[in-house]
Amino acid sequence: MRTSLTGWGRSTHSVADVVPVNDTGEVVELVQSAPERGILARGMGRSYGDAASNGGGIVIDTAALNDVTVDGTTVRVGAGVVLADLIDELLRRGLFVPVTPGTSQVTVAGLVATDVHGKNHHVDGSWGHHVTSIDIVDGTGALRTLTPDDADPDDFWASVAGMGLTGVITSVTFTAIEVPSAHMRVTTTPFRDLDDLMQAMREADRGARYSVAWIDSVGLTGPLGRGIMSTAEHAAAPVHGAHAAPKPRARPSIPDIVPSGVLSRLSVGAFNEMWWRVSGRPRTDAIESIGSYFHPLDGVADWNRIYGRAGMVQYQFVVPDDASEVIGIALNRLRDAHAPSFLTVLKRFGPGNRAPLSFPMPGWTLALDLPAGNPRLPATLADLDSIVLDAGGRHYLAKDAHMDADAVRRGYPRLGEWRMVRDRMDPRGVFHSDLDRRLALRAPADR
Ligand SMILES: Cc1cc2nc3c(=O)[nH]c(=O)nc-3n(C[C@H](O)[C@H](O)[C@H](O)COP(=O)(O)OP(=O)(O)OC[C@H]3O[C@@H](n4cnc5c(N)ncnc54)[C@H](O)[C@@H]3O)c2cc1C
């Protein structure tokens, strides 16, 4: 069915034929009869930009590929299994996913194809670290099983963070972690100064499995860059005697604070101020449900609509440890451009993995939700891109909607290596996306 598709940021749109598939055989047929504009697998469309869109071509809906098999800690799931459902299933068995993003409304194949990181990257790495095999239909129509070390490891690692451009993943096998309860023990600490906050986060690297900070990017009544660090561990004993996945605790509703589509600097500032006051109270070892801790925004339906018709750009970059000053520079540049961020999240990254297009590298990652309508935003982001790239950093393809080909080439020095594997896995050029075309991912490395 011809459908207008957008990413979670709602700032990019294109029309494609969305084709649901019921089994692997139907995927193979689509690959063998692919039209000129190609085909692309799509999960829940939670990437923010144009990564899961393929204007003029076919977009495969994988929702029906939803089998789940659990054997000890080995979990095999169909590509379209939604993380929220998987977490419910795993928690019943005292298990949990090794890495989760800030929403549970994603598919497992989407997690692998973007190599998602969580609040525990400094300890546990990203999704690719935990996958033991994937089944994938490549561009020749062959269904192949790939593993990280033995069965075509180059093809495996090109498909982890491969943005759907090496094939359609049909199933994923990964190792789950054992957890003693469905709850977290959470400690929150407010810091009025960005440098103090970052120092505390460096120290937390050594102790806490999960750590993240919310940053005030407006500073209506306090310093820009004040923030709240939250560290957490899985709670040792079952709370309320159950392994069920509690729903996220009720939070202040964003639409109550910011009327639909009316996001002024003042209202974003008011939201940041409210968050500082409500969430910034120091707490030690407070018990929270897994849903409330990891996926608080899932409790607010369609919160991305508050940005109105223009939508939002999520800007996420990583810089190495020796360029930590870029975090403060970015906050200042965006404030000067009157581009306040609704939600600003700072995390530490540990070592990356072998995937050439994987985003994480050791250092700092900052993610900002920026209203897309601001006319000064494109120039400000272009300026910030240069600062990030000059510092040896890069931008996250799963969030991106504004970069150009040169920024990817500079940020991902192994792009040429990835292109060679991609060309081998997809010699006819079957797989395409809007992101692929915008960033010229298929062009030769020495263009
Ligand atoms: C509120 C929110 C919080 C987030 N927090 C984080 C976070 O903390 N860390 C993080 O890393 N990311 C985060 N993300 C981003 C999100 O986790 C990723 O974009 C993820 O890929 C989305 O999964 P999806 O199923 O919606 O994939 P989609 O957005 O539908 O697709 C993403 C990419 O995966 C490819 N893909 C999907 N299915 C397949 C398949 N079967 N075979 C091959 N390729 C496929 C698509 O072609 C596309 O390139 C967040 C997003 C939101 C909205």
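Strand β16 and strand β18, residues 363-371, pair in the antiparallel sense over eight bridges. Two strands count as paired here if DSSP finds at least two bridges between them. Strands and helices are DSSP runs numbered from the N terminus: E over at least two residues for a strand, H or I over at least four for a helix.

Before going on, the basis. This is a predicted model: local features need pLDDT of at least 70, side-chain atom pairs count only at pLDDT 80 or more, and totals for chains, interfaces and linings use all residues. Residues are numbered from 1 along each chain as its sequence is written.

Back to β16, which covers residues 312-319. Within its pairing with β18, Gln316 has Ala367 as its bridge partner. Strand β19, residues 394-395, is joined to β16 by two bridges, and these two strands run antiparallel. There, Phe317 stands opposite His395 in β19.

How many of the residues of β16 are buried? Eight of its eight. Buried means 20 or more other C-beta atoms within 10 Å of the residue's own; exposed means 12 or fewer, partly exposed is in between, and C-beta atoms are placed from the backbone. Met312, Gln314, Gln316 and Val318 point one way from the strand, while Val313, Tyr315, Phe317 and Val319 point the other way, and all are buried.

Now the sheet that holds these strands. It is an open sheet of eight strands, in the order β15-β12-β14-β13-β17-β18-β16-β19, with antiparallel pairing. The edges are β15, residues 283-289, and β19; each has a single partner strand, so one side of each is left without a neighbour in the sheet. Helix α6, residues 194-207, packs on this sheet and touches β12, β13, β14 and β17, the last being residues 344-349; the direction of α6 makes about 15° with that of β14. Contact means that the C-beta atoms of two residues, placed from the backbone, lie within 7 Å. Axes are lines fitted to C-alpha atoms, for helices over the stretch in contact, and angles run from 0 to 180 degrees between N-to-C directions.

Strand β14, residues 227-234, has six of its eight residues buried, so it is largely enclosed by the rest of the structure. Strand β12, residues 183-191, pairs with β14 in the antiparallel sense over eight bridges, and Thr188 stands opposite Ser230 in β14. Strand β13, residues 210-215, is joined to β14 by six bridges, again running antiparallel. In that pairing, the partner of Trp214 is Ile228 in β14.

Helix α10 lies across β16, β17 and β18, running at about 10° to β18. What angle does α10, residues 325-336, make with α11, residues 377-390? About 170°, with the axes 11 Å apart. The two helices are therefore roughly antiparallel to each other; the classes are under 35 degrees for roughly parallel, over 145 for roughly antiparallel, 65 to 115 for roughly perpendicular, and oblique for the rest. Val326, Ile329, Ala330, Arg333 and Leu334 in α10 meet Thr380, Asp383, Leu384, Ile387 and Val388 in α11. By class, that contact has seven nonpolar, one polar and two charged residues. Nonpolar covers Ala, Val, Leu, Ile, Met, Phe, Trp, Tyr, Cys and Pro; charged covers Asp, Glu, Lys and Arg; the others, Gly among them, are polar.

Next, another sheet. It is open, with five strands in the order β5-β6-β10-β8-β9 and antiparallel pairing. At the edges stand β5, residues 68-71, and β9, residues 143-146, each with a single partner strand, so one side of each lacks a neighbour in the sheet. From one strand to the next the twist averages 10°. Four bridges join β8, residues 131-137, to β9, and they run antiparallel; Ile134 stands opposite Leu146 in β9. Helix α1, residues 24-32, packs on this sheet, touching β8, β9 and β10, and its direction makes about 55° with that of β8.

Last, the ligand. Which residues come closest? Gly43, Pro101, Ala109, Gly110 and Gly164, out of 33 that surround the ligand. A residue is near the ligand if its C-beta atom, placed from the backbone, lies within 6 Å of it. The elements giving two or more residues to this shell are β3 (39-42), α3 (108-113) and β10 (168-175). The largest share, four residues, comes from α3. By class, the shell has 18 nonpolar, 13 polar and two charged residues.
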